[in-house]
Amino acid sequence: GRLVGRLSTRPYLHEAFSIMKYSFLKPICTLAWFASLVAFTQHQNGFGQSVVKEAPPRKIARLVWQDNQTQSLRWADIERSNTDWSARPQAIANAPWLDPEHQQFSQMQRLGRSLIVGVRDDDHGAFSSGWIAVDSGVTLEEHGDHYHAHYNNPPTIAASQLDTQQGNPAHVYRIGKRIFLANDSKQGFTILAAASSDASSPFVSKFYTGGGSHITLASVDDRYCFATWPDREGDDAGRIDGVSISEESSGNIQSFKTQSGGLHGATSIANRVFFAPSDGIDWLDLGKWKPGQVPAVEHIDLGKDPESGKSYRTGAFETHSNYVLFTYGTGSNSKLGMIASRNPSLKLDSLVIDATEGLALATPVAFRAGNDKHYAWIVHHRRGSENQEKLSSVELDPNGDGRFDDAKLHKQLAIGASKIANHSGMHDIALLPDRRTACVSMPGEGAIWIVSIYSMEVLAKLAVGGPPPKLEAFGASAD
């Protein structure tokens, strides 16, 4: 009675029962009724609810990364279906071939929808070095305060410059809307910018003399670029070349010196320029500098190692909001350093982060997440050990007042191994477009992990083959 009562609420089934009761066609209609019932239940469950079909996987981002084993560029679209994440690694079809015995990738930076990748060789640039520009194939459609990403085309090589005249670039920077490549063996740097739409090449480049041997760069607007020398002793110890890059006085150089040598690291923010010598941090205020005069170099002390007595230093900077961020110290005395660049008098704030034995803090990667909180992620890399590496998340501004002096440790995560050799093989971090998740490369495992920013939970471990030391995500506008 219950089944018939439920079924008889459907008009076409009620008709079927009437025919079965009063007609000689009952056997035939019985078969018809059961066929209708089977067809009906294919669309509904026993309680009359629709069966929801699983939605197709949704594209979250496109990743492009370096394969350190084959020295090739790889890519994949990161897709998600419910809680399942997937990626299908592929080669970029028209990428130039590199000789793994003599060439390797260096740093890379995003420029709009493109990715500029540095290439070095083992012969000071005499074999073949330069750069490769990848068109990600991702287009962004603006919708008010956000974008919709379209992944219709695969990545392609938009341009490349690989020859014996490129000076073995190591450091690659994105400053504003231009890429700066440090041409170490040519004692200078190249500025690369997008060309006009009617140009024969998608990029225009110009070389400037400045810096030497292993160059780090800091540029201020479109006026000056400061190029460092790494010498610890001799005439070029502590030397910095200030190069005019404006159209009016392009190429003019004024050299000056920091208080100590061994320079490795430079950045600029709020009309101030910061350098990383072997002792602390040196900086200058461009608002007080007149071209033609020797700039006044000021110093920030980072303290000394209690065991060795050596001065603490840093090796690279990250800028975020109006702050300069960096790491320094050793072991349990390791710290995240923070300098508010717009303050009239610069003050060092710091947060102690125990690197743990056999590990050292890498340069922080800072970002604003989807919850509008500011974070810095810091990898603890191996230093002369095989110890478990980890990732620390620091909440930079817990009370939301725009100052980082209340920064605190958010969470920590044990991560897979690096595969460090010289300056390559470290972990890299790429923020995904939703700003709730990020990718972390695991060179020692040939994998890329997807990690929740809020909970630091590992959401997926994606095998990609060879070691991926550098990666970049597309699907949102570049910061």
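**Notebook: contacts, cores and a cavity**

I began with contacts, meaning heavy atoms within 4.5 Å, and found that among those in the protein chain between residues at least 6 apart in sequence, 47% join residues at least 24 apart. I note that this is a predicted model, in which local features need pLDDT of at least 70 and side-chain atom pairs count only at pLDDT 80 or more, while totals for chains, interfaces and linings use all residues. Residues are numbered from 1 along each chain as its sequence is written, and side-chain values use heavy atoms, with hydrogens and water left out.

Next I looked up burial, and of the 479 residues of the protein chain, 47% count as buried, that is, under 20% relative accessible area with a 1.4 Å probe, protein chains only.

I then turned to the nonpolar cores, each a set of buried Ala, Val, Leu, Ile, Met, Phe, Trp, Tyr and Cys residues joined through side-chain atoms within 4.5 Å. The largest has 18 residues, and Trp-377, Leu-391, Ile-415, Val-440, Val-451 and Ile-453 touch the most other members. The elements giving two or more residues to this core are β29 (374–382), β33 (437–442) and β34 (447–452), where strands are DSSP runs (E, at least two residues) numbered from the N terminus. A second, separate core of 17 residues includes Ile-60, Ala-61, Cys-439 and Ala-473.

I also followed Val-451, which, leaving aside its neighbours within four places in sequence, is in contact with residues including Trp-377, Leu-413, Arg-436 and Met-456.

Note on methods: Buried < 20%, exposed > 50% of the residue type's maximum accessible area, 1.4 Å probe, protein only. Helix = DSSP H or I, 4+ residues; strand = E, 2+ residues; numbered from the N terminus.
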